[in-house]
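Q: Please give me a close look at the places where side chains of opposite charge might pair up. I am in my first year, so start with the overall layout.

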Amino acid sequence: MHIRIISELPQLRKLLTDLERLEAHAVSAPALMSVPVLDQWSRTHRQTDCLEGKVEGHPYIPDGDKVLTSDIYAHVHDEDEHFVRTLNGWYRLGTEWKGERL
């Protein structure tokens, strides 16, 4: 089995810990006063690795609908099958689209 996990695994563990602390109400403004300041900020966007394709067997999206996945965090190749773990869940990969974008 070949598994590729993104190099940000330690950062993701730290993120999970911080989110769990937030959920437990264990974070306060005084505890965050030493973090870096972001001044003159605005919202923007950036590209991240994800997949798009036609979905089948999704619990909420009808078969054949085009989807754009969340960020990819892992790719697993096992017994001639390929799977990806996105931020929101797992996908088993079917045939790769070789034409123009869907």
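A: Let's begin with the layout: the protein chain has two helices and six strands. Here helices (H or I, at least four residues) and strands (E, at least two) are DSSP runs, numbered from the N terminus. Reading along the sequence gives the pattern β-α-α-β-β-β-β-β. This is a predicted model, in which local features need pLDDT of at least 70 and side-chain atom pairs count only at pLDDT 80 or more, while totals for chains, interfaces and linings use all residues. Residues are numbered from 1 along each chain as its sequence is written, and side-chain values use heavy atoms, with hydrogens and water left out.

Next, the overall form. The C-alpha trace spans about 50 × 35 × 25 Å along its principal axes. The radius of gyration of the protein chain is 18 Å, whereas a compact globule of 102 residues would be near 13 Å. That radius is taken over C-alpha atoms, and the globule rule is 2.2 Å times the number of residues to the power 0.38. Of the 102 residues, 13% count as buried. Buried means under 20% relative accessible area, exposed means over 50%, and partly exposed lies in between (1.4 Å probe, protein chains only).

Now to the charged pairs. Side chains of opposite charge can pair when their charged atoms come close. The term salt bridge is used for a side-chain nitrogen of Lys or Arg within 4 Å of a carboxyl oxygen of Asp or Glu. How many salt bridges does a search of the whole structure find? The search finds three.

Take the pair of Glu52 and Lys66, whose closest N and O atoms are 3.4 Å apart. Glu52 sits in strand β2 (residues 52-54) and Lys66 in strand β3, so this pair links distant parts of the chain, 14 residues apart. Are these two buried or exposed? Glu52 counts as partly exposed because its relative accessibility is 28%. Lys66 also counts as partly exposed, at 48%.

Another pair joins Arg92 and Glu81, with 4.0 Å between the closest N and O atoms. Arg92 belongs to strand β6 (residues 90-92) and Glu81 to strand β5 (residues 81-86), so the salt bridge ties together parts that are 11 residues apart in sequence. Arg92 is exposed because its relative accessible area is 59%. Glu81, at 31%, counts as partly exposed.

The remaining pair is Glu96 with Lys98, where the closest N and O atoms are 3.6 Å apart. Glu96 is exposed, with a relative accessible area of 62%, and Lys98 is exposed too, at 69%.

It helps to look around these pairs. After Lys66, which lies in strand β3, the chain goes on to Thr69, in the loop between β3 (66-68) and β4 (72-78). Why does Thr69 count as buried? Thr69 counts as buried because its relative accessibility is 12%. Thr69 touches Cys50, Leu51, Thr86 and Tyr91, not counting residues up to four places away in sequence. Touching, or contact, means heavy atoms within 4.5 Å.

Just before Glu81 comes Asp80, in the loop between β4 and β5. Asp80 has a positive phi of about 60° although it is not a glycine. Asp80 is also exposed, with a relative accessible area of 70%.

His25 has a positive phi of about 60° as well, again without being a glycine. His25 follows α1 and is placed in the loop between α1 and α2 (29-32). With a relative accessible area of 73%, His25 is exposed.

Helix α1 itself has 15 residues and reaches 21 Å from its first C-alpha to its last, close to the 21 Å expected at 1.5 Å a residue. The expected span is 1.5 Å times one less than the number of residues.

Finally, compare the charged pairs with a nonpolar spot. Leu19 lies in helix α1 (residues 9-23) and is partly exposed, at 45%. Leu15, Leu19 and Leu22 make a nonpolar surface patch of about 280 Å². Patches are made of residues with over 30% relative accessible area and no salt bridge: like charges are joined within 9 Å, nonpolar side chains (Val, Leu, Ile, Met, Phe, Trp, Tyr) within 5 Å. Accessible areas come from the Shrake-Rupley method with a 1.4 Å probe, and for residues only the protein chains shown count as cover.
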